[in-house]
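Me: I have a structure to go through with you, and I would like to talk about its side chains, helices and strands. Shall we take it one question at a time?

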Amino acid sequence: MREPKSVAFAKKTKFQKDKTMDTFIEQIDASISMLSNSYEDLAYLVTSNSISYKPKNIELCEAIKDRIKFFTTISKVNFKKIESKLEDCIFISINDMELERIIDNNISNAIKYAFKDKNIEIILKKVNSFAILEFRSYGNEIKNKDKIPRRLCLRGILVFLVDNI
């Protein structure tokens, strides 16, 4: 997993000075980010039964903004834009690895399955004492939601991760 990342990074560095290569460089950046994210997913999956990830008090708005920043280039090269409407000062107790996997799963799926040139919306609000986090994307409707496999190989590993968190 690390070898393809280093090759992609080397290619990016080689072309970075040539402004005509900006689109190509953004695609390399997006690929590096997706490889890195897949590596983190696999690392979490492999260690989740042996390492006890302790919950922390996390401010959701900042955590979501951080993940949106991570996915900005990925969404751009996929002709999608992430828009957010996030309330501040909403804290939850969760371990940061699990929260990151949940947020990443939703953003990744939105990028993957939304129609081209459609915005992805992330909404965080507090209703009574509950934090409501919504991910909205616009693509083909899943007809039979019961048939979504829970154990998918590599690209669908996030579905399995989130299902088990």
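Me: Is phenylalanine 71 buried or exposed?
Reply: Happy to start there, keeping in mind that this is a predicted model. A residue counts as buried when its relative accessible area is under 20%. Phenylalanine 71 has a relative accessibility of 0%, so the class is buried.

Me: What is the geometry of the ring pair formed by phenylalanine 70 and phenylalanine 71?
Reply: The count for the model is one aromatic pair. Its ring centres, those of phenylalanine 70 and phenylalanine 71, are 5.1 Å apart. Planes over 60 degrees apart count as edge-to-face. The planes here are at 80 degrees, so the pair is edge-to-face.

Me: Which residue lies over the face of phenylalanine 70?
Reply: Phenylalanine 70 is partly exposed, with a relative accessible area of 22%. At 4.5 Å from its ring centre, over the face, lies arginine 67.

Me: And which residue lies over the face of phenylalanine 79?
Reply: Here too a charge sits over a ring, and the distance to the ring centre is 4.5 Å. The residue over the face of phenylalanine 79 is lysine 116.

Me: Which residue forms a salt bridge with aspartate 66?
Reply: Side chains of opposite charge can pair when their charged atoms come close. Aspartate 66 is partly exposed at 42% relative accessible area, while its partner is buried at 9%. The closest N and O atoms are 3.9 Å apart, and the partner is arginine 67.

Me: Which residues are joined into one network by salt bridges that share partners?
Reply: The model has 10 salt bridges by the count used here. Where such bridges share partners, they link residues into one network, and its members are Asp66, Arg67, Glu100, Arg101 and Asp104.

Me: How many residues apart are lysine 65 and glutamate 62 in helix H3?
Reply: These two form a salt bridge, with the closest N and O atoms 3.8 Å apart. Both ends are partly exposed, lysine 65 at 41% and glutamate 62 at 47%. Within H3 (residues 60-77), about one helical turn separates them, and their spacing is three residues.

Me: Why does the length of helix H4 agree with what its residue count predicts?
Reply: H4 covers residues 96-113, which makes 18 residues. The expected span is 1.5 Å times one less than that number, which comes to 26 Å. The end C-alpha atoms are also 26 Å apart, so the two agree at 26 Å.

Me: Which backbone nitrogen does a side-chain oxygen of asparagine 95 reach at the start of H4?
Reply: The contact is a polar one, and the oxygen comes to within 2.8 Å of the nitrogen. That backbone nitrogen belongs to methionine 97.

Me: Which residue of E5 is the bridge partner of leucine 124?
Reply: Strand E4 (residues 119-127) runs parallel to strand E2 (residues 81-86), with six bridges between them. In that pairing, leucine 124 is the partner of leucine 86. E4 also runs antiparallel to strand E5 (residues 130-136), joined by seven bridges. In E5, the partner of leucine 124 is leucine 133.

Me: Which residue in the turn between E4 and E5 has a positive phi?
Reply: E4 and E5 form a hairpin with two residues between them. Across these strands, the side chains of lysine 125 and glutamate 134 meet in a salt bridge at 3.4 Å, N to O. In the turn, a positive phi of about 55 degrees belongs to asparagine 128.

Terms used: Residues numbered from 1 in each chain as written. Predicted model: local features only at pLDDT ≥ 70, side-chain atom pairs only at ≥ 80, totals over all residues. Heavy atoms only, no water. Helix = DSSP H or I, 4+ residues; strand = E, 2+ residues; numbered from the N terminus. Polar contact = N/O pair within 3.5 Å; in protein donor to acceptor, adjacent residues only side chain to side chain. Phe/Tyr/Trp six-rings, centres within 6.5 Å; stacked < 30°, edge-to-face > 60°. Buried < 20%, exposed > 50% of the residue type's maximum accessible area, 1.4 Å probe, protein only. Lys NZ or Arg CZ within 6 Å of the ring centre and 35° of its normal. Salt bridge = Lys/Arg side-chain N within 4 Å of Asp/Glu carboxyl O. Pairing = 2+ DSSP bridges.
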